Amino acid sequence: MNDAPKPEGLRERKRRETSRRIADAGLKAFLANGYDATTLDEIAAAAGISRRTFFHYFKTKDEVLFASLGNHASAVKASILAEPPTGTAIDIARDALLKIIGSFQGAAMMATAKIMRESKTLRSRRHTGYLQFEQAIFEGLCELQPDQARDSLRLVALVTVVALRLAVETWQQQHARHPLEGYVQDAFERLKTEIR
């Protein structure tokens, strides 16, 4: 029996690429104009599609932003899967986050966090984005370390997101005076100290 995943077809690949293009265009428009001032027509035009086509992919601009967060969460999962499986789960999760934060993807992640903080409409929904990260971290750790207890890996995913959230909020409150990586390192060090 062959359990290999079925290769992605041309239609699925084009749909995924268009969805990502819309999410990227939306994120750029939100950063340039502010979330509340950005219209669906502006996002569609920036993505090179019609308003009607937009609605084949997304119903609202909230969905566009959360698709962008989903892309970031997928990048975190991929980063975890690229780590060696021999370390502790918490160190693997921390190292994967630090790699993402230090990349272009990290800049987009932080831009998304800024949009969510500044928009009254989105502030109450920030938790949804963190849940996406928690699930991606959990799934990545389960694939990387399949012999570990799932409850333990779920706990690691949860505290990883809490440490990330604390680091991002502190970084934003201090108006990004220092690189975010330092805040993440500090949050994880404090977490490990408290656990001991």
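Hi everyone. Let's start with confidence: in this chain it is highest in helix α2, at a mean pLDDT of 94, and lowest in helix α6, residues 104-118, at 70. I say confidence because this is a predicted model. Over the chain, the mean pLDDT is 85, and 91% of the residues reach 70 or more. One general caution: where pLDDT is low, the predicted coordinates should not be read in detail.

Now find helix α2 on your screen, residues 40-47. Which of its residues are buried? They are Leu 40, Ile 43, Ala 44 and Ala 47. These buried residues cover an arc of only 95 degrees around the axis, so they sit on the same side of α2. Turn to the other side of α2 and you find Ala 45 and Ala 46, which are exposed. And what covers the buried residues of α2? The cover includes α1 (10-33), α3 (51-57) and α4 (61-81). Right after α2 comes Gly 48, with a positive phi near 75 degrees.

Two of those covering helices, α1 and α4, also touch one another, so to speak, and here is how. Their axes come within 9 Å and cross at roughly 105 degrees. That is why α1 and α4 count as roughly perpendicular to each other. On the α1 side, the contact uses Arg 20, Ile 22, Ala 23, Gly 26, Leu 27 and Phe 30. From α4 come Lys 61, Val 64, Leu 65, Ala 67, Ser 68 and Asn 71. Sorted by class, the contact of α1 with α4 has 7 nonpolar, 3 polar and 2 charged residues.

Let's move along to another pair. Helix α5, residues 89-101, packs with helix α10, residues 180-195, at an angle of about 170 degrees, and their axes are 10 Å apart. The two helices are therefore roughly antiparallel to each other. The α5 residues in this contact include Arg 94, Leu 97 and Leu 98, while those of α10 include Val 184, Phe 188 and Lys 192. What classes do the residues of the contact of α5 with α10 divide into? There are 8 nonpolar, 1 polar and 5 charged.

Last stop, a single residue: Glu 134, in helix α8, residues 126-144. Buried or exposed? Glu 134 counts as buried, because its relative accessibility is 13%, and the cut-off for buried is under 20%. Leaving aside residues up to four places away in sequence, Glu 134 touches Arg 154, Ala 157, Leu 158 and Val 161.

That's my tour. Thanks for listening!

Definitions and conventions. Residues are numbered from 1 along each chain as its sequence is written. This is a predicted model: local features need pLDDT of at least 70, side-chain atom pairs count only at pLDDT 80 or more; totals for chains, interfaces and linings use all residues. Side-chain values use heavy atoms; hydrogens and water are left out. Helices (H or I, at least four residues) and strands (E, at least two) are DSSP runs, numbered from the N terminus. Buried means under 20% relative accessible area, exposed over 50%, partly exposed in between (1.4 Å probe, protein chains only). Contact means heavy atoms within 4.5 Å. The arc is that of the directions from the helix axis to the C-beta atoms. Axes are lines fitted to C-alpha atoms, for helices over the stretch in contact, and angles run from 0 to 180 degrees between N-to-C directions. Angles under 35 degrees count as roughly parallel, over 145 as roughly antiparallel, 65 to 115 as roughly perpendicular and the rest as oblique. Ala, Val, Leu, Ile, Met, Phe, Trp, Tyr, Cys and Pro count as nonpolar, Asp, Glu, Lys and Arg as charged, and the others, Gly among them, as polar. pLDDT is the predictor's confidence in each residue, from 0 to 100.
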